[in-house]
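Hi,

Here is the structure I promised to pass on. Have a look at it first, and then read on for what turned up.

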Amino acid sequence: MKKILLNTIFFAAAFALSAQSKNTAPNEIIEEEIELPDVTTVVNGKTFTAGKDSVPDYTKILPENSAPEVQLPEMEGVKTPKNLPENHNRQEAQAKDIYAQGELGAGYPFYFKGDFSIYRASGNSPFEIDFNHEGSEGFARKKADQGYFARETSVKGKKSLFGERGTHHVEGEYKMSDDGLQLKSDSFSDMVKHTIYADAGSDWETEKGFLISYGANGAWFNRYGEVMQDSVTYENFLDSTKIVDVNPYLGFGWTDGDGFKAMLTGFYGFQGNLAQKDNLMKIEESSSSERTHRGQFKLDVSWENDFISLGADASLILGTAIGSKSVLPACTGRLDFKTESFTDDRFITISARGGIDSYQEKIRNLENKYKFAAAPALPCETSDFFTTVDLSLPILTAFEAKAGFEFRKTAFENGFWQVKYKEALLSLPKEDGNFTQIGLYQIAPEERTEINTNLAFYADISAFKLGLLWKSFWKDIPSLEDRQKVTVSAEYQSLSAKWNAGTSMAVAFGEDADTCPDLSAWAGVRLAPALSLAFEVNDVIKLASGKSRDWAHSEFITTSGNAVLLVKFQF
């Protein structure tokens, strides 16, 4: 009887355990080992930063737990479900590696802006496609049909490939700008510029550390003026400019894989005039008005570890537009150093450069940089003795100070190409003894001695970000700068990241500086995880008063303030 009773109890217990295993409680956690594939992320060029709303809102697809929450004791070394990392949908996250972001807006006075980007920033085949447009008409309470407008449109694409032993890239860009001449010209109503740019290259490294680098870039640039019906005589180079430049390179080197690298590279540069013959002037430093040739042989040696990087390069330059010398030398010494700060995991960094810098500007770069100006000749060499020092110093855990120093002085009488906006506009004599206003400034080389400093201080305190920047030019002042300029900024972002607001103010000092503060403000609100709305008011004082702000101390004026409503998205 006793044996029968024990057998009955045993089988009853076994049945109960079997039933419990088939009816596991819904809140019970079953631990499994999940093997995830290795993921390699490579970022090249622009670094894309995922916003706070980049992770999908899983609450839309996962059911809410309607059962009352069971309070379980916290055990050391064990994470509860609500603290688990968000990798339960890792496969879905890996499936989406192409993103889009942009902004679209309009404002007063007549203003429109549209920026769109599609990109893949991870993996072995990242790419980026950008479209940008910005246009403003009738600014500073002036009429657009009198030339008070500015428009710019660009389309850019870049593709990279990362292999086991080599990296490759190709990119291209088209840019168009149209600036009204604001009734300053007797010949032209506006100035239109087109630039088509392409670049491609490859870098290889063999198993034994040998390096090969090759590629080329080039561009086609066209600038022309919209000629008014009863315009007077003007110089050919002002009528239009068509320039092509081609710049291939080839380099060989070696690295020991432990920080040392040596590279010998040859560069060739060509600029040529595609417009009518004698369209451009010949300057003394160049052997031709129609084309220039430039060759450079450069030896670069460097070594680095986790905290310090040392390098030096030396070059010999030959060409048809390098000035009075048949061969130009150039050299640079480099130092980069970083060490951990005393308070957190940020680094104290010091960067220094010095030597002889020599390069040849492209007409496309000069005329896109300096508005309302034209280059009458193909640029010749620019050479400088130079020194730069930059310092970044973290302070405590919420502050950072930065300082920079730069010295430049013209070398070998090869001046710096820029515009003297403070001088009078170009004009031509007429038969009656008067002058015709061309409505443009001239880009030309001039010797310089620059001593420049910049100081910056940043604070990141809770939800507030504060900034202070002071730029100074103690000797010669570049065309687009003021003697002194101080900029302060402040921004607040709510702890929930639902909205933010900020303001900035810049004040210039010095000769002919516009001392009226450039005051701007903005605010934004997140409407959905991937959609936000922003409102910006730029140069508030000029906008409210209707007064104008000069373009780089010239006779032309800038937008002089606007109010813009923007829709921003990212998905």
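One cut-off before anything else, as a step below leans on it: buried means under 20% relative accessible area, exposed means over 50%, and partly exposed is whatever falls in between. Please also keep in mind that this is a predicted model.

The overall picture first. The chain has 571 residues, and 35% of them are buried. There are five helices and 27 strands. Among contacts with a separation of 6 or more, 58% link residues that are 24 or more positions apart. The accessible surface of the chain is about 33,700 Å², with 59% of that belonging to carbon and sulfur atoms.

A good place to start zooming in is the little sheet around strand 14. It is an open sheet of three strands in the order 14-20-17, and the pairing is mixed. Strand 14 and strand 17 are its edge strands, each pairing on one side only. Strand 17 and strand 20 run antiparallel to each other, paired over four bridges. Across that pairing, Trp-417 stands opposite Pro-445 of strand 20.

Ala-373 belongs to strand 14, which covers residues 373-374. With a relative accessible area of 2%, Ala-373 is buried. Which residues does Ala-373 contact, once neighbours within four places in sequence are set aside? They are Lys-193, Glu-367, Val-419, Leu-440, Tyr-441 and Ile-443. Ile-443 is 70 residues away from Ala-373 along the chain, yet their C-alpha atoms are separated by 6.3 Å.

Some of those names come back in the largest nonpolar core, which has 30 residues. The members that touch the most others are Leu-181, Tyr-370, Val-419, Tyr-441 and Ile-443. Strand 6 (188-205), helix 4 (363-369), strand 14, strand 17 (416-419) and strand 20 (441-446) each put in at least two residues. Strand 17 gives the largest share, three residues. As for Val-419, leaving out residues up to four places away in sequence, its contacts are Tyr-370, Ala-373, Tyr-441, Gln-442, Ile-443 and Ser-479. Apart from this core there is another one of five residues, including Phe-139, Ala-140, Tyr-148 and Ile-557.

Now the rings, which I suspect you will want to look at. The structure holds 16 aromatic pairs. In one of them, Phe-372 and Phe-556 are stacked, because their ring centres are 4.0 Å apart and their planes are at 0°. Phe-372 sits in the loop between helix 4 and strand 14, while Phe-556 sits in the loop between helix 5 (540-545) and strand 27 (562-570), so the pair ties together parts that are 184 residues apart in sequence. Both partners are buried: Phe-372 has a relative accessible area of 7%, and Phe-556 is at 0%.

Set that against Phe-385 and Phe-412, a tilted pair with 6.2 Å centre to centre and 55° between the planes. Phe-385 is in strand 15 (residues 381-395) and Phe-412 is in the loop between strand 16 (399-410) and strand 17, so this pair joins parts 27 residues apart in sequence. Are these two rings' residues buried or partly exposed? Phe-385 is partly exposed at 37% relative accessible area. Phe-412 is at 22%, and since buried means under 20%, Phe-412 counts as partly exposed too.

Phe-372 and Phe-556 also belong to one aromatic cluster together with Tyr-421, Tyr-441 and Trp-551. On top of that, the charged end of Lys-184 sits over the ring of Phe-556, 5.8 Å from its centre. There is a second case of this kind elsewhere: the charged end of Lys-338 sits over the ring of Phe-347, 4.8 Å from the centre.

Finally, a few backbone spots to check. The peptide bond from Tyr-108 to Pro-109 is cis, with omega near -10°. Pro-109 is in the loop between strand 1 (99-108) and strand 2 (111-120). Ser-462 is not a glycine but has a positive phi of about 55°; it lies in the loop between strand 21 (449-461) and strand 22 (464-473) and is exposed at 66% relative accessible area. Asp-512 has a positive phi as well, near 60°. Its place is the loop between strand 24 (499-509) and strand 25 (518-528), and at 58% relative accessibility Asp-512 counts as exposed.

Cheers

Terms used
Residues are numbered from 1 along each chain as its sequence is written. This is a predicted model: local features need pLDDT of at least 70, side-chain atom pairs count only at pLDDT 80 or more; totals for chains, interfaces and linings use all residues. Side-chain values use heavy atoms; hydrogens and water are left out. Buried means under 20% relative accessible area, exposed over 50%, partly exposed in between (1.4 Å probe, protein chains only). Contact means heavy atoms within 4.5 Å. A nonpolar core is a set of buried Ala, Val, Leu, Ile, Met, Phe, Trp, Tyr and Cys residues joined through side-chain atoms within 4.5 Å. Rings of Phe, Tyr and Trp (its six-membered ring) pair if their centres lie within 6.5 Å; planes under 30 degrees apart count as stacked, over 60 as edge-to-face and the rest as tilted. A charge sits over a ring if NZ of Lys or CZ of Arg is within 6 Å of the ring centre and within 35 degrees of the ring normal. Accessible areas come from the Shrake-Rupley method with a 1.4 Å probe; for residues, only the protein chains shown count as cover. Two strands pair if DSSP finds at least two bridges between them.
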